[in-house]
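Visitor: I'd like to go through this one label by label. Can you tell me what stands behind each term?
Guide: Sure, let's have a look.

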Amino acid sequence: MKNINYLIICCAILFTACNKKIELTPGLENFKVSTTATSFKVGEEVNFSIQGSADIINFYSGEEYHQLDYRDGRVEKIEEAILSFNTSNPVLSGAQTDQFSVMASTDFDGNYSDYSHIQNATWVDITNRFKLATSATFLAGGAINITDLKVDKKPIYIAFKYLTRPSSFGIVRTWHVEALSLKGNTSTGSLVLGDIAKSAFRLIEQNPETAPSRSTLSATRITLLGNLATPQNDIETQTWAVSRAFNITDADMGPDKPITIKAYSDSRLDRHTYAYKTPGTYNVSFVAKNTNVDGSAEVVREMEITIVP
């Protein structure tokens, strides 16, 4: 009986120990940051004095893309959507003219399975905004603002339309598209929304069974070329290279990133220095965190400093 009671007591102690919550490192509430002044010169080291204990300390300088207010994500308005690409058109390869068009749609349904979805969408012809090649030498079409095509809360699709006429119009020509870029300009900078590799262009044939074209797609080039005409397929038909959907209204810039100035395994930190390269007023933030497997806690200490030339 004594042995059984002893076993029960040991199990109870072990159960209690296993279920006891691990306490966080104490003293987080005493975490403080200070400086000797509130104004510094460009390039001058700002010396931040740190008091208190924290397992992890993250530093937000207050500079663009390093601000605490945007640590969960930053979305900026796209003020300009700029489309550019290069084309080549080996004229000697054929005689047919006006085969190539640049199109845009904000109501295409994103279904690339058959041509009916092209027909059901509204497409705006923007070909005349660009310079198009007249030879085998690639020609830059220009950096063209297409922001006027924007429709609120709707994406935009970019497409290259290729028309194959009957052989009585002559041999079809080859069109190449390279170096495509769609950029979004915001108040703070520019970001690439898509290029040929990331724009997921897909080919849609008007007559895939009876008159498929010889068009191809690669990571660097769109090649549009009509079918080989035979008595059975000598018809007028279209081939479309259509991009994925692009948001040209808002740009998701992702979360602002801090600098981790103390990691969990680092020894205690009592100061941090940082030099600013640009004049301005910055809201500086230090985020101190204590954490373990059972929980975490954090405090934020902020201050405003001015950087002068």
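Visitor: Are R74 and E76 buried or exposed?
Guide: Both R74 and E76 are buried. That word means under 20% relative accessible area, while exposed means over 50% and partly exposed lies in between (1.4 Å probe, protein chains only). Keep in mind that this is a predicted model, where local features need pLDDT of at least 70, side-chain atom pairs count only at pLDDT 80 or more, and totals for chains, interfaces and linings use all residues. Residues are numbered from 1 along each chain as its sequence is written, and side-chain values use heavy atoms, with hydrogens and water left out.

Visitor: What makes R74 and E76 a salt bridge?
Guide: The label needs a side-chain nitrogen of Lys or Arg within 4 Å of a carboxyl oxygen of Asp or Glu. R74 and E76 come in at 3.6 Å, N to O, so the pair passes that cut-off. They also belong to a network of salt bridges with E64 and D256.

Visitor: How many salt bridges turn up in the whole structure?
Guide: The search finds 6. One of them joins E178 and R221 at 2.6 Å, N to O. E178 lies in strand β12 and R221 in strand β16, so the pair ties together parts 43 residues apart in sequence. Strands here are DSSP runs of E, at least two residues, numbered from the N terminus.

Visitor: Why is R221 called partly exposed?
Guide: Its relative accessible area is 27%, so R221 falls in the band between buried and exposed.

Visitor: And which label does D148 get, buried or exposed?
Guide: D148 has 53% relative accessibility, so it counts as exposed. The side chain of D148 meets R129 in a salt bridge, at 2.8 Å from N to O.

Visitor: How do you know that β14 and β17 pair?
Guide: Pairing takes at least two bridges found by DSSP. β14 and β17 (residues 237-242) have 4, in the antiparallel sense, so they qualify. In that pairing, I204 stands opposite W240 and R202 opposite V242. On β11 (residues 157-164), A159 also has V242 as its bridge partner.

Visitor: What makes β17 mostly covered?
Guide: 6 of its 6 residues are buried. T237, T239 and A241 cover one side, with Q238, W240 and V242 on the other. In a regular strand the side chains alternate between the two faces of the sheet.
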